[in-house]
Amino acid sequence: SATSASPRTLFTSTLLEVLDRLLPRRSRVLLAVSGGPDSMALLHAWREILPHRKDELHVATYDHALRPDSAEDADFVVKCAQEWGFPCHRERSTVAVSELSQGSVEEAARTARYRFLQRLACENQCAAIVTGHNADDQVETIVHRLVRGTGIA
């Protein structure tokens, strides 16, 4: 009934429209969740539209181990995924300081995260890897576009 359904926000409505254009329903999807506001908002929204999409959602969290309390973020993601019944995959970075010397810490961390996500997507036969970040995160946006092989337009 209409009263038992939760009201859709503009974000969830837009997410549903975009996903329906890009990805067939009932897809197996790997959702990268850091525990930050962007990825948690995406996880919450996907959970809301799941009855309509009927996707098989896998949650992945990668602890870069760059902050003393970073494991707490990963713990939070795992707890949410488990409470909501999603398979959750977790990994902690083992990137040595010597490996970071060839580039920035952020670049090395991003590369390690993407390798983890690609490996998981292959192992779990996922049709897509989805990440959440805001439009102000220009570096990640550019990396995504380069990985996909598309230009800025």
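Which side chains meet in a salt bridge at 2.7 Å, N to O? The side chains of D75 and R90 do. This report looks at that pair and at other features of a predicted model.

## Salt bridges across the chain

The structure holds 11 salt bridges. Start with D75 and R90, whose side chains meet at 2.7 Å, N to O. D75 lies in helix α3 and R90 in strand β3 (residues 88-92), so this pair ties together parts that are 15 residues apart in sequence. How accessible is D75? Its relative accessible area is 40%, so D75 is partly exposed. R90 also counts as partly exposed, at 40% relative accessibility.

E91 sits in strand β3 as well. It forms a salt bridge with R119, and the closest N and O atoms are 2.3 Å apart. R119 belongs to helix α5, so the pair links distant parts of the chain, 28 residues apart. E91 counts as partly exposed, with 27% relative accessibility. R119 is partly exposed too, at 35%.

## A salt-bridge network

Some salt bridges share partners, and in this way D20, R25, R53 and D55 are joined into one network. Two members of that network, R53 and D20, meet through their side chains at 2.8 Å, N to O. R53 is in helix α2 (residues 37-53). D20 is in helix α1 (residues 10-22). The two residues are 33 apart, and their pair links distant parts of the chain.

Is R53 buried or exposed? R53 has a relative accessible area of 1%, so it is buried. The cut-off for buried is under 20%. Its partner D20 counts as partly exposed, at 33% relative accessibility.

## A buried serine in a loop

S27 has its place in the loop between α1 and β1 (28-32). Is this loop residue buried or exposed? S27 has a relative accessible area of 7%, so it is buried.

What does S27 touch, leaving aside its neighbours within four places in sequence? S27 is in contact with D55, E56 and A127. One of these, D55, also belongs to the salt-bridge network with D20, R25 and R53.

## The largest nonpolar core

The largest nonpolar core has 23 residues. Those with the most contacts inside it are L31, V33, L43, W46, L57, V59 and F86. Which elements each supply at least two residues of this core? They are α1, β1, α2, β2, α3 and β4. The largest share comes from α2, with seven residues.

L31 gives a detailed view of this core. Leave aside its neighbours within four places in sequence, and L31 is in contact with L42, L43, W46, L57, H58, V59, A60 and V130. Among these contacts are L43, W46, L57 and V59. Those four are also listed with L31 among the residues with the most contacts inside the core.

## A second core and an aromatic pair

A second, separate core has 11 residues. It includes A32, Y62, L117 and A121.

How many aromatic pairs does the structure hold? It holds one. The rings of Y62 and F116 have their centres 5.3 Å apart and their planes at 40 degrees, so the pair is tilted. Y62 lies in strand β2 and F116 in helix α5, so the pair ties together parts that are 54 residues apart in sequence. Both Y62 and F116 are buried. Y62 thus has two roles in this account: a ring of the aromatic pair and a residue of the second core.

## Two loop residues with positive phi

A65 has a positive phi of about 60 degrees, although it is not a glycine. Where is A65? It is found in the loop between β2 (56-63) and α3 (70-83). Its relative accessibility is 31%, so A65 counts as partly exposed.

Q125 also has a positive phi, near 50 degrees, and is a residue other than glycine. Q125 is found in the loop between α5 (105-123) and β4 (128-131). Is Q125 buried or exposed? With a relative accessible area of 63%, Q125 is exposed.

Definitions and conventions: Residues numbered from 1 in each chain as written. Predicted model: local features only at pLDDT ≥ 70, side-chain atom pairs only at ≥ 80, totals over all residues. Heavy atoms only, no water. Helix = DSSP H or I, 4+ residues; strand = E, 2+ residues; numbered from the N terminus. Buried < 20%, exposed > 50% of the residue type's maximum accessible area, 1.4 Å probe, protein only. Phe/Tyr/Trp six-rings, centres within 6.5 Å; stacked < 30°, edge-to-face > 60°. Salt bridge = Lys/Arg side-chain N within 4 Å of Asp/Glu carboxyl O. Contact = heavy atoms within 4.5 Å. Core = buried A, V, L, I, M, F, W, Y, C linked by side-chain atoms within 4.5 Å.
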